[in-house]
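This report describes a structure in terms of its nonpolar cores, chain dimensions and surface. The sequence and coordinates come first.

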Amino acid sequence: MNVVTPFEGIGASVRRKEDLRFLSGRGRYTADIDRPGQAHAYILRSPHPHAAIRGIDATAARAMPGVAAVFTGADMAAGKVGGLPCGWGVKNKDGSPMAEPPHPVLAVDRVRHVGDPVAVVVAATRAQARDAAEAIVVDYAPLPAVATIEEALRPGAPAVHDEVAGNLCFDWHLGDKAVTDAAFAKADRVVTFELVNNRLIPNAMEPRAAIGDYDPSADEHTLYTTSQNPHVIRLLMGAFVLGIPESRLRVVAPDVGGGFGSKIYHYAEEAIVTWAAARLERPVKWVADRTESFVSDAHGRDHVTRAELALDGEGNFLGLRVATRANMGAYLSTFAPSIPTYLYGTLLAGVYRTPAIYVEVKAVFTHTVPVDAYRGAGRPEATYLLERLVDVAAAETGIDRIALRRRNLVSQFPHQTPVALEYDSGNHAATLEAALRAADWDGFESRRAEAKARGKLRGIGVSTYLEACGLAPSHLAGQLGARAGLYEVGTIRFHPTGSVTVLTGSHSHGQGHETTFAQLVADRFGLPVSQVEVVHGDTGKIPFGMGTYGSRSLAVGGNAMAMAMDKIVAKGRRIAAHLLEAAVEDVEFEGGKFRVAGTDREKTIGEIAMAAYVPHNYPLAEIEPGLEETAFYDPKNFTYPGGCHVCEVEIDPETGHVQVVNFTAADDFGRVINPMVVEGQVHGGVAQGVGQALLEACVYDADGQLLTGSIMDYNLPRAEDLPSLSLSHHDTPCLTNPLGVKGCGEAGAIGSPPAVINAVVDALRERGVRHVEMPATPARIWGIIHGGGPKGAPAIAAA
Amino acid sequence: MYDFAYHKPGSIADAVKILTDDPEARPISGGQTLLPALKHRLAHPTALVDLSGIAELRGIQRDGDRLVIGAMTKHYEIQTSDVVKTAIPALAKMAGNLGDTQVRNRGTMGGSLSNNDPAADYPAAAMALNATFRTDRRSIPADEFFQGMFATALEPGELLVAIEFPIPTKAGYAKMRNPASRYVMAGVFVAKLADGSVRVAVNGAGPGVFRQEEMEAALAKSWSADAIAGIRQDPDGLNGDIHGSAEYRAHLVGVMAKRALAEAG
């Protein structure tokens, strides 16, 4: 029997099992799948930000070569196709429900953003479908549009939805206003600050794709899709859009090339291909190109915030008041309402003891692509606000920025915040000090002087962060408006010869689950990682699942596996007791072996599996044959990863270019299964955070046209924009889940933007700069250095 | 991409004949601009005339006081050529710093120059070095070749065959990349030619490559950073967009000129 090698269990940096497949081009992505007889769909999209549709003439298109069908919104409505549902309801301050206007799969009489789908052509080839789409005549009557929060809230602004007064989706709040106001009344000092959290376009490496396939003999629908959560798509699309029972709808999310949140949501194209395939009795495939992704994938962030921090004379935080306006885009994407509310307002305590917090959030419709979760989802917005505010407070009170942080850190656990969360564990002083030490914070001034001699402005910035991961206790999520449970499901299937298949409702789209989860199981059963296969992404194989987002896969999905493994061990002990002729309570399990305590009589888990499947000598009267267990794990609390990032930048004052020259992260992710995979997650997250801070901005012009509609104008980070990162982790186990794990997928993107901007502001401090908006582009920095900003400066270059 | 016919002629004469017979046909060299345009359906030629089968269009030679580069020579070949590195090191360095690895292994000098993207690198070198453009039918001096954004003196059907660079005594190039596309936001190529004349070419900042005559005059008198320190590029007519205003680009011209001069030594 195989024995675990010491380097493959929990804590080992096992090389990713999936990488050979990916690196050698053997990955199987949705676009790689071709179904027999399949046709191709092309979606005709609105070129207008806002227009009435007076008519659609598809006569010529329908007659073009290869065309199988053209469908419009009217056809979908006639076919009883429902609108796209929203999965989270938020209430207004007065308890009334948010505005939830319809989100048709294809626009019916009005288009509301550039990229809004208007018609679909299905043809034998993709090129034929596109040719025919160009022949569709849509009679648009353009209408005035609003692209920004400010414009949308202006009295008399054009309405995105006629039934939504003032374009206000909801006006929500959290925290005790009276207590917070009282805290401000007794403050020695109040620091006020306004800032923007820039709108981002996710840009996963793999564009979205979907294939609908219908088997008329079984009346069974299959959807292949680029999704982070196939069961959620099956539930939403089956129940709300197409009216197909789960038993006749299979959703497969095969290899997926990055999601970052943008592949959580149920998108129109999934419903379109599933519906069209059944209607035409022919598989229908749609693959987005990059240009299409820019106007059809949900965007991220886009907040404008005013915040006030109340301090006493010694620098203790007394209260925090936050007023945020958040852009929802033209329609509510699946989880959009939860992002600027429960994933944002609840995080405003951060790692600090601030006793009174009150936050109010107005969510606003605009004529732009819907906005939803993007890596971090509300938590980067909260962290950026808080950590910029603390730096501004330090500058304005004259208290050293590190001392101010140290003074206010949470150090006792559990800790109840005034914004609903109870932190179970953490050691924020340890991560702060570790990051400062690793970054040689104390030696910075000599580096600043050396840079100055070279004509460069060098700055250093620090940011702490805390995130709530492992979404979520279902009863709590339900109280807060979630319209689904947020548990996870794991199955451990031992095969007769001792290998294991793990079925998980989590979905891996770059996270390395096939390795990490295999390690988790291998460790428990004393198996080599090669004996454990992880299966995910297919509702036809996996019992159920809620998918991967919010750094939840290990914290929720991993714990479901742990519970299923407990069940396997419990059953195994009973089988072993029978085989070893001992009492169950005398059988111990360790390192993959069941042993009668105090003896050398033992059975390996492989022998137990064989006995379970070949039950010749087996207690059949008491135990069922087979060795397979499933568990649903519903978390007791969120997990609270946290840490500290330190960034050092050099600014070229002649060009305004900012280069990140050092970056240090000290994180607490709870128990770590594979340190190398965790480091990879932090690398990617930091790259995206540096991207938000220095490079990325989604810009619409005043009329609602997208100016950053390709990577020629939307600035994604490149290798040259990043230094080698200095990473360490200082883990305190999570106390509320069996594995003690917290999650690491979003931390890099949450902690890094404020560290970068704090460093940029530090570099410019001697020039009297209080704040620099993201992204800190060369033109923006140059405008600040040279005063007033360039004449007629457009959005991402303005000072 | 729309349908098109594909030709791969083996000689310049054959290529020119196809292009002359069909005014809607387009020559394709490395395809680093044309292929994306085709994929986006922004171009709809009836035919593509692939120039990669024409041996006469390739190669790098030193011809006395001139460096002659065939139009179909790839950026990577220029970047790594000992002949170029010895004759005009600034040109080899420019080739090594444009696009990315894939672009440098596909894109060609002639393709880039014929396209005359205002944000491309080579037009600055060709203009500052006073290159001569040899076509299938004539020779065109740099001052006449570039005619503004995506426009050149090439007639319909006329093929660029080779570019002749006079070997300068000093040459240097510096650029600021557009933060998003990483094309040139503002670049300056300075050259002191063998006859003692000085030429300064600006790319990226304006609607096409142009000579900065004030800097040329100053550097002709004194080849030093001090000589151009007080010269301010007029922002009037320069590009302004979400990545930077015309004023910013005008400022960068001064900074890049100084840095190009330092490169040139």
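## Nonpolar cores

In this predicted model, the largest nonpolar core has 133 residues, and Leu694(A) and Val760(A) are the members that touch the most others in it. Helix H19 of chain A, residues 747-764, gives the most to this core, with 10 residues.

Beyond its neighbours within four places in sequence, Val760(A) is in contact with Val649(A), Ile651(A), Val658(A), Leu694(A), Val772(A) and Ile781(A). A second core, separate from this one, has 45 residues. Leu520(A), Ile575(A), Ala611(A) and Tyr618(A) are among them.

## Fold and dimensions of chain B

Chain B contains 12 helices and 12 strands. Its C-alpha trace extends over about 55 × 45 × 30 Å along the principal axes.

How does the radius of gyration of chain B agree with that of a compact globule, and what is its value? The radius of gyration is 18 Å; a compact globule of 265 residues would have a value near 18 Å, so the two agree.

## Packing and surface of chain B

Of the 265 residues in chain B, 55% are buried. Among contacts in chain B with a separation of 6 or more, 58% are between residues 24 or more positions apart.

The exposed area of chain B is about 10,900 Å², of which carbon and sulfur atoms supply 50%. Chain B carries 28 positive and 30 negative side chains. The centres of these two sets are 7 Å apart.

Terms used. Residues numbered from 1 in each chain as written. Chains lettered and ligands numbered in written order. Predicted model: local features only at pLDDT ≥ 70, side-chain atom pairs only at ≥ 80, totals over all residues. Heavy atoms only, no water. Helix = DSSP H or I, 4+ residues; strand = E, 2+ residues; numbered from the N terminus. Rg over C-alpha atoms; globule rule 2.2 N^0.38 Å. Buried < 20%, exposed > 50% of the residue type's maximum accessible area, 1.4 Å probe, protein only. Contact = heavy atoms within 4.5 Å. Areas by Shrake-Rupley, 256 points an atom, 1.4 Å probe, with all protein chains shown as cover. Lys, Arg positive; Asp, Glu negative; His and termini not counted. Charge placed at Lys NZ, Arg CZ, Asp CG, Glu CD. Core = buried A, V, L, I, M, F, W, Y, C linked by side-chain atoms within 4.5 Å.
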